[in-house]
Amino acid sequence: MSTSQMIANRHTFFGRGSLRELLPLLQKEVQPTLLFCGRSFLQSAKWEALKADLAPLLLGHEIVSHEASPAEIDQWVTRWRGKATRVVAIGGGSVLDAAKAFAALSQHPLNTLRYLEKVGDTPLTGATLPLIAVPTTAGTGSEVTQNAVVTDKAEIKVKASLRHANFVPDIAILDPDLLQGAPDHVLACCAIDAFTHLFEAYLSSKGNFFSRQTALTGMRAFISAWPHLNRDDEQGDRAREQMMFASWQGGLSLSMAGLGVIHGIAGELGAIKDYHHGEVCGRLLLPFLTILNKTEDEQQQVLMDDLATALFPGFTLPPARMLQHWLKDNAITPFWHDAQPLTAAEADWILSRSNSKNSLVSYSEEEQRFMLEQAYSIA
């Protein structure tokens, strides 16, 4: 039986309106603070309400519009090294990961690629600037994970992490009201990313009772929230709160138990295509459940029975099919429609690099190809 270790934020503020905690935190100890955010946040009513008080506390800001590349991180480090002593990140997973990468590498002497998993040759020391993470999406759980995802689609075609326990943000502010007004597609694709983190961690070979109970708690919150994320009423407010919690639990779960074959494929696909990572995971999840429905692995069967009992009391279909149908029947938008294209060469490239990660079962290339062909239009 493996041992679980939970490493989380030192302080987590949770609840509607908790963004109001940011100003007192910054005012308590005034120091040069760099903001990382998305352009949409700077155009939002939330920024307008904060700007007069927040802007004077900031050294400057960087806009993150996609998963950061090694070159972009190196540019930020060159611009702000020795100037910023604290970082605030307000945005989706790409924003939070970019801020985490900058906070760490501003305290390391070499360029990003030297430290990056898969391609680097130098260990990280764990040195990093203090960081306050404020997610505006509920999906990646980056506000509570040890890793910062970096993607280079242009040169070496790699999607990998900078990873150290010290990179978990000191403070996370989880304000579900920041999800209000997001497009249905964004809400759904981020949410299915959170679910995939929880589900793969639950089925991980590194999992145990502690990590699986954490994942189940998150999946229960997801099930309550998934059909109602876009409602403009009290039920919608409650759903967005539950999904913000599920995303945070997903970050904890993957940090303890790791992920599986869905992310083993998605990580390689993300190195060459600009497709939304959550949508990639959701598209791959559905055919994976078809494979899982036929599993002969006894531990997977027991875990799926336990999951169905916890999430769908009185379920009538086999657990994996039950989950597959429920996800599609209750989605606020059919994100799996209109399959995006991959060339045959791209599919071969992905499958030559993909793996089962921490799955209980080692999935064959044929099974992984089935997942990819069901999820994408390959020609």
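## Empty spaces and a helix pair

The second largest cavity in this structure has a volume of about 50 Å³. Keep in mind as you look around that this is a predicted model. Which residues line this second largest cavity? They are Thr-137, Ala-138, Leu-179, Ala-182, Val-186, Leu-187, Cys-190, Ala-191, Leu-229 and Met-243. Find helix H6, residues 184-202, and you've found the biggest contributor: it supplies four residues, the largest share of this lining. Sort the lining by class and you get nine nonpolar residues, one polar and no charged.

How do we spot a space like this at all? Rolling a probe the size of a water molecule over the atoms shows where empty space is left.

Now for the rest of the cavities. Counting those of 30 Å³ or more gives three. The largest cavity has a volume of about 70 Å³. Its lining picks up residues from several parts of the numbering: Phe-199, Glu-200, Leu-203 and Ser-204, then Gly-260 and Val-261, then Phe-288 and Gln-300, and finally Asn-358, Ser-359, Leu-360 and Tyr-363. Here the class tally is six nonpolar, five polar and one charged.

Next, a pocket. The second largest pocket holds about 300 Å³ of space. Of the 13 residues that line this pocket, those closest to its centre are Leu-25, Glu-29, Arg-86, Ile-132 and Ile-171. Which helix gives the largest share of the pocket's lining? That's H1, with three residues. Helix H1 (22-28) and strand E5 (131-135) each supply at least two residues of the lining. As for the classes, six of the pocket's lining residues are nonpolar, two are polar and five are charged.

Finally, let's leave the empty spaces and look at how two helices pack. Two packed helices are described by the angle between their axes and the distance between the axes. Take helix H4, residues 70-80, and helix H5, residues 93-105: their axes come within 9 Å and cross at roughly 50 degrees. An angle like that falls between the roughly parallel range, under 35 degrees, and the roughly perpendicular one, 65 to 115, so H4 counts as oblique to H5. The crossing of H4 and H5 is right-handed.

What do the two helices use to touch each other? On the H4 side, look for Ile-73, Trp-76, Val-77 and Trp-80, which meet Ala-98, Ala-101, Phe-102 and Leu-105 in H5. By class, this contact has eight nonpolar residues, no polar and no charged ones.

Notes: Residues are numbered from 1 along each chain as its sequence is written. This is a predicted model: local features need pLDDT of at least 70, side-chain atom pairs count only at pLDDT 80 or more; totals for chains, interfaces and linings use all residues. Side-chain values use heavy atoms; hydrogens and water are left out. On a 1 Å grid over the protein atoms alone, a cavity is a set of points where a 1.4 Å probe fits but cannot get out, and a pocket is an open set with protein on both sides within 12 Å along at least five of seven lines; lining residues have an atom within 4 Å of a point. Grid points are joined across faces, edges and corners, and a volume is the space filled by probe spheres set on the points. Ala, Val, Leu, Ile, Met, Phe, Trp, Tyr, Cys and Pro count as nonpolar, Asp, Glu, Lys and Arg as charged, and the others, Gly among them, as polar. Axes are lines fitted to C-alpha atoms, for helices over the stretch in contact, and angles run from 0 to 180 degrees between N-to-C directions. Angles under 35 degrees count as roughly parallel, over 145 as roughly antiparallel, 65 to 115 as roughly perpendicular and the rest as oblique. A crossing is left-handed if the near helix is turned anticlockwise from the far one by less than a right angle, and right-handed if clockwise. Contact means heavy atoms within 4.5 Å.
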